[in-house]
Amino acid sequence: MAAVQDGQLNLEVEKDIKTEITNDGSGNINASSSSPGSTSSGGKSKSPAGSGEDQQTLLAVLQFLKRNKLTESVDILRREAGLSADADDSPVSESAGAGSGGVPSVGADGGDANSLLSRVSIATPVAPPATAPPKVVAASGGEDQPDVNVVLSAYSQQGDPVLYPLYYNGLKKFIESVLDCHRAELSQVFYPLFVHMYLELVYNNHENEAKQFFEKFSGDQECYYEEDLRILSSMSKKEHMKGNETMLDFRTSKFVLRISRDSYQLLKRHLQERQNNQIWNIIQEHLYIDIFDGMPRSKSQIDAMSGSLAGEGKRDANKAKVFYGLLKEPEIEVPLDDEDEEAENEEGKPKKKKPKKDSMGSKSKKQDPNAPQQTRIPLPELKDSDKLDKIMNMKEATKKIRLGPDNLPSICFYSFLNAYQGLTAVDFTDDSSLIAGGFADSTVRVWSVTPKKLRRVKSAADLSNIDKESDDVLERIMDEKTASESKILYGHSGPVYGISFSPDRNYLLSSSEDGTVRLWSLQTFTCLVGYKGHNYPVWDTQFSPYGYYFISGGHDRVARLWATDHYQPLRMFAGHLADITCTRFHPNSNYVATGSADRTIRLWDVLTGNCVRILTGHKGPIHSLAFSPNGKFMASGATDGRVLLWDVGHGLMVGELKGHTDTIYALKFSRDGEILASGSMDNTVKLWDTLKAFDDVELDDFTAATGHIHLPENSQELLLGTYMTKSTPVIHLHFTRRNLLLAAGAYNP
Amino acid sequence: MSDMSATMAEERRPKQCTVVLPTESMKAMAESIGVGQLQEESCAALSEEVSYRIKEIAQDALKFMHHGKRRKLTTSDIDHALKLKNVEPLYGFQSQEFIPFRFASGGGRELHFYEEKEVDLSDIINTPLPRVPLDVSLKAHWLSIEGVQPAIPENPPPAPKEQQKAESTEPLKVVKPGQEEEGSIQKGQGAISAEAKGKKEGLMRMKPRSTHELSVEQQLYYKEITEACVGSCEAKRAEALQSIATDPGLYQMLPRFSTFISEGVRVNVVQNNLALLIYLMRMVKALMDNPTLYLEKYLHELIPAVVTCIVSKQLCLRPDVDNHWALRDFAARLMAQSCKTFSTTTNNIQSRITKTFTKSWLDEKTQWTTRYGCIAGLSELGPDVIKTLILPRLTVEGARIKAVSEGPVVSNIDKIGADHVQSLLLKHCASVIAKTRPLPDNMEQYRADYGYLGPTLCSHVVKARAQAALQAQQVNRTTLTITQPRPTLTVSQSGIGGSGGSRSPSIIKVPSSLTLMSTRPGTPTQPSPPATKYIVMATSAGASSTQQVITLSSSSGSSVTSTVASATSTLQPLVKLESRGAGGLGGSRPLQKYIVVSLPTSASSSLESKSGMLPPSSSSTSPISLEAGMKMDRSDSPGASTQSPH
């Protein structure tokens with residue numbers, strides 16, 4: 001029965017490929033990416049059916065390729081067809097690498113070729129994936145437009161549409177009947193299976209069956225997939241699949257599941273016994289099962305980690321070493337103004353450094369073992385003004401309040417009045433002297449919150465008249481006539497979504513819906529550069545803590561690292577499956593974290609451009625990120641109203657803070673990292689005891705190795721305070737150098 | 001458009017699969033662009049496709065909403081989403097709070113559409129430009145000081161009303177929302193719940209002893225406020241009352257305020273200090289106006305105080321001249337308001353109050369002052385109460401009034417009292433009768449039904465009906481609205497022509513925005529009540545002088561828009577009131593002048609009103625100042641009384 005079906009099917013495959021590719025007929029890129037697609041379908045069809053049909057398919061494909069003069073691909077295909085299972089790696093990977101050339105450096109550690117081969121080898125059902133874990137990575141990492149047709153053609157394999165619900169039900173019954181310890185793990189299979197079965201039905205024009213299937217089983221899925229299910233449900237026709245981003249995500253990236261070996265064996269045995277090829281194929285084709293040895297995980301453990309668009313992060317992905325330590329502070333001679341100051345500074349210095357370094361007994365300026373090399377990435381040299389600022393910083397730090405559960409910070413709230421729902425982004429300078437706001441009407445406004453007014457530098461003609469030798473030349477270049485409390489910067493042509501001051505307060509960055517990032521001078525209050533590269537809205541941008549570099553991310557799913565003096569990006573970080581919604585620099589400037597609408601956080605190495613961490617667990621788009629001042633931890637907030645805490649070094653979730661009821665737009669650690677402040681759309685600021693949160697986590701070797709963390713049940717103990725505003729969503733938080741918390745938002749009467 | 005997609009994006013899961021635009025819409029849209037016969041299949045195909053695309057756009061638009069940090073989807077979000085898809089945005093739509101979709105049906109079809117009116121460009125050019133919206137500004141305040149949220153207007157009220165209620169009704173379950181776990185910050189305000197927690201752990205479940213400790217600042221505030229409220233400076237008082245009516249953080253001081261008022265009334269009734277009683281009632285009013293206070297707990301103190309001010313036999317030292325009637329009216333209105341807000345099936349405030357009033361009214365020995373108070377209290381409770389309790393007693397009451405006014409001269413006080421009761425009855429009953437009694441209005445019939453008061457009542461009813469008819473006709477009148485920063489208006493006389501009787505000054509509520517109606521070019525032949533117009537000039541030391549013209553009944557003859565200057569110059573001010581810190585209110589009071597000019601249409605009525613007006617004029621300044629700074633909510637002229645009082 002199955003064989004007959006498959007036979008028909010293969011013919012269809014052939015037809016599909018032919019028609020679609022000819023229809024598309026758009027040059028080289030298509031062809032190069034069509035080769036993995038077509039071969040994969042060939043490889044797959046090989047598995048259950050006999051080889052007769054298979055040969056025919058291959059021949060047809062070959063003919064087609066020849067007709068299109070794609071000799072390289074023909075070669076590959078020939079070779080593969082001849083060698084099938086034990087294919088020769090090297091030439092294939094080379095050519096495939098060439099095929100996907102032009103893709104910027106991605107966190108993909110294996111090439112497409114590898115994935116191809118492993119698919120072929122895995123397709124023989126005997127090969128236990130555990131012994132040869134296929135190194136499959138999102139095939140299309142950085143490609144802007146993966147060829148939809150090829151991607152879709154994998155769905156052409158088909159069974160009787162009426163049987164789909166039966167298959168699914170059968171699996172459901174089986175999973176319900178297994179032992180409790182396995183049930184939670186195996187239940188993870190439901191969602192990806194459901195999605196792919198639905199898509200197959202839709203692709204094969206079984207609209208009604210698809211709808212019925214959806215109605216019948218969509219209720220079983222975990223609630224945090226609701227958003228995706230909604231998108232899925234609107235897709236009921238084959239034509240819709242073309243160009244639908246979500247669909248592409250499902251297809252181009254394998255859904256990653258973590259299952260213990262025991263559970264996996266159980267599932268495999270069941271499917272083989274039942275001859276349930278339909279489901280088995282989907283699992284082989286579209287899922288990546290990350291098998292680990294040891295105890296199956298509990299339901300809560302799984303729930304904590306799942307929820308992202310493409311399943312959990314693979315364990316491999318988080319193995320790379322991350323140098324999370326801080327860079328050594330440059331030695332700066334603190335001028336000794338008077339006796340008191342001196343005494344304070346002597347005490348103040350070690351105090352300030354203390355939280356920053358892990359093993360800090362003496363004043364020795366030893367390199368932190370976890371810190372990257374000082375020169376790992378080139379950093380701008382310190383200017384005199386920077387040194388002055390650092391001295392100021394240290395002086396302020398001596399007056400810093402030690403925060404703790406018994407010593408909560410005061411909060412000063414800056415309300416934007418008459419903003420008419422138009423405030424989209426806010427930033428404070430590190431010394432808290434300036435506030436910038438981005439608005440939906442494309443303007444950027446800068447306010448001075450100190451008595452010092454904002455002044456523009458005089459025009460060139462006036463500047464030439466100035467006595468350059470005078471002591472107060474810096475004062476003289478300023479035009480007193482332009483002094484005002486706020487300045488408006490015009491230049492963008494769409495809402496401004498991200499805004500960031502440079503650490504030296506000379507520049508301001510803004511990113512906008514118009515696809516540009518603009519650099520503004522705060523001396524002249526004019527636009528200096530417009531960085532073009534994102535063609536779609538840029539959701540966020542941020543300066544490096546050392547200046548010079550900055551990061552931007554937006555709707556095009558690619559984060560870009562720029563240097564202010566280059567008009568093209570230095571690095572492009574591709575890998576997210578949906579919009580990049582927020583970007584943050586690690587305090588040591590060597591890493592960049594990006595949060596995305598695919599509900600994952602990725603950490604990228606600025607030096608290599610590799611993705612070094614994939615953190616999953618959020619159930620909604622991530623809208624805020626914050627690193628702890630010592631660089632060891634990270635906090636993230638999402639639309640689901642939860643704050644998650646991460647250990648950057650181990651790549652582990654170490655805490656979950658529940659309490660907010662709406663999107664969290666602002667997160668900030670206090671200067672010493674004892675307190676985390678979170679601000680949300682629900683008009684509250686909440687303070688959390690992070691010291692306790694990080695202390696509570698017990699990290700033994702096993703959890704560190706597997707990443708299966710037991711989260712403390714009640715995050716309410718960590719909540720130190722809740723402060724309601726008067727219908728003012730909190731969209732930015734900032735700790736001053738003395739640990740006063742500043743918050744900002746627009747009053748919505 | 002935006003609304004439509006927004007709702008779609010908000011669709012919950014159960015309906016997900018099925019949400020598709022109806023095929024009829026496709027047909028209608030096709031017709032609107034000139035495609036006539038659209039096949040049913042193509043309609044179905046189109047509708048599915050269109051639904052899918054709309055959903056897709058809505059999903060993208062939601063992204064823009066989230067990044068715009070808003071909760072509301074706007075049309076610009078849709079535009080940006082379209083731009084993402086490389087589609088030309090829809091121009092000309094702008095976000096409004098409310099997009100009125102209209103519904104139409106016909107030919108078996110139903111349509112929802114957005115009415116786009118044709119706009120005449122010349123109209124737009126000629127209309128004056130609207131005010132430029134205020135620019136964005138930045139304002140800082142303390143959200144928290146070392147973990148404690150200060151009770152300032154910029155912060156939400158520390159204890160929302162529900163919580164105050166919970167505290168008073170279920171003291172054992174007091175839970176501060178969102179704060180129950182944060183033991184550390186419950187220094188001041190959390191003392192109660194912390195204590196409750198402690199008690200809970202013990203075996204005894206006792207009602208926690210709530211300590212209403214006031215901080216130094218709060219004590220200072222309390223002192224300042226109470227002093228200002230009963231002090232002599234009117235400006236300060238207005239400020240203090242404003243603070244009581246709006247400040248969100250007062251609930252801790254509420255018990256003190258309540259005691260202050262109740263004790264104050266007790267003392268001042270005995271001393272017949274009318275002014276202080278008025279100030280205290282204004283405090284009650286301010287407390288009731290404050291939306292953040294949960295007053296239920298203190299009604300047992302406030303209601304007796306208010307009722308005292310309504311029905312007390314004597315409220316002032318010279319009952320023959322002082323205008324204590326205004327206080328009674330005002331307190332009666334307060335009473336009615338509290339009945340409306342606080343009466344429940346368990347406390348039965350309204351029925352208990354009604355019983356109290358009726359009982360003392362029915363008592364033969366009751367004095368005219370108390371009688372007036374009872375009637376005022378009852379009639380403020382609404383037309384239903386008037387109908388069931390007052391109308392049946394009109395005959396009896398009429399006889400009593402007749403005995404006083406036509407009988408042998410008793411005391412002057414009784415006569416004034418009877419007069420007031422009469423006008424009060426006429427005022428309230430006329431409007432109710434006008435609404436309930438069928439035409440025609442026969443003088444004799446009225447006499448038969450209502451006794452002595454019948455004929456006058458009849459003429460009042462006729463006037464009320466005419467007024468109602470007039471108002472119904474005045475659809476296209478031009479309205480001029482003067483908005484003032486603070487309602488400071490007062491008129492203390494309403495002469496009623498024809499009736500012969502004139503009412504002594506009573507407080508007339510004026511809405512904060514005065515409406516001056518320039519009467520439409522009407523027919524002078526139409527019977528209409530003579531209009532009385534007042535120009536009130538209040539000159540006080542601090543504030544700039546204000547002049548206002550109010551018509552209390554619309555006149556058909558002259559229009560009020562005549563300039564104020566000419567009005568004052570051509571006509572002699574008939575009444576002039578001047579106050580120089582009357583009574584025991586202290587001499588430090590800034591000079592405040594009230595010039596009330598009555599501009600009658602006919603000379604006869606003016607004379608009458610003059611004669612009725614003069615006696616109390618010498619000392620009736622307190623009611624005028626009483627109303628200053630008070631929030632008014634209805635106009636209360638006899639002419640406009642066809643509008644039901646509540």
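Colleague: How many residue pairs are in polar contact between chain B and chain A?

Modeller: There are 16 such pairs between chain B and chain A, with both residues at pLDDT 80 or more. Do keep in mind that this is a predicted model.

Colleague: Which elements of chain B give two or more residues to the side that touches chain A?

Modeller: They are α3 (40-67), α4 (75-84) and β3 (137-144) of chain B. Helix α3(B) provides the largest share of that side, eleven residues. By type, the residues there split into 20 charged, 16 nonpolar and 15 polar.

Colleague: How should I read the size of the interface?

Modeller: The size of an interface is often given as the accessible area lost when the parts come together. Here the area buried between chain B and chain A is about 5600 Å², and carbon and sulfur atoms give 54% of that area. The contact draws 75 residues from chain A and 51 residues from chain B.

Colleague: How many salt bridges are there between chain B and chain A?

Modeller: The count is four. You can look up B:Lys63 and A:Asp579, whose side chains meet in a salt bridge at 2.9 Å, N to O. Over all chains, the search finds 40 salt bridges. Within chain A, the side chains of A:Glu475 and A:Arg455 also meet in a salt bridge, at 3.1 Å, N to O. That pair links distant parts of the chain, 20 residues apart: A:Glu475 sits in helix α21 (residues 473-476) and A:Arg455 in strand β7 (residues 454-457).

Colleague: In what sense do strand β3 of chain A and β3(B) pair?

Modeller: Their pairing is antiparallel and runs over seven bridges, with residues 411-417 forming the chain A strand. To find your place, start at A:Phe416, whose bridge partner in β3(B) is B:Leu138.

Colleague: And how do I read a pair of aromatic rings?

Modeller: A pair of aromatic rings is described by the distance of the centres and the angle of the planes. The count over all chains is 28 aromatic pairs. One of them, A:Phe669 with A:Phe694, is stacked, at 6.5 Å centre to centre and 25° between the planes.

Colleague: Why does this pair tie together parts that are 25 residues apart in sequence?

Modeller: Because A:Phe669 lies in strand β26 (residues 664-669) of chain A, while A:Phe694 lies in helix α22 (residues 690-696) of chain A.

Key: Residues numbered from 1 in each chain as written. Chains lettered and ligands numbered in written order. Predicted model: local features only at pLDDT ≥ 70, side-chain atom pairs only at ≥ 80, totals over all residues. Heavy atoms only, no water. Contact = heavy atoms within 4.5 Å. Buried area = accessible area lost by both parts, 1.4 Å probe. Polar contact = N/O pair within 3.5 Å; in protein donor to acceptor, adjacent residues only side chain to side chain. Helix = DSSP H or I, 4+ residues; strand = E, 2+ residues; numbered from the N terminus. Nonpolar A, V, L, I, M, F, W, Y, C, P; charged D, E, K, R; others polar. Pairing = 2+ DSSP bridges. Phe/Tyr/Trp six-rings, centres within 6.5 Å; stacked < 30°, edge-to-face > 60°.
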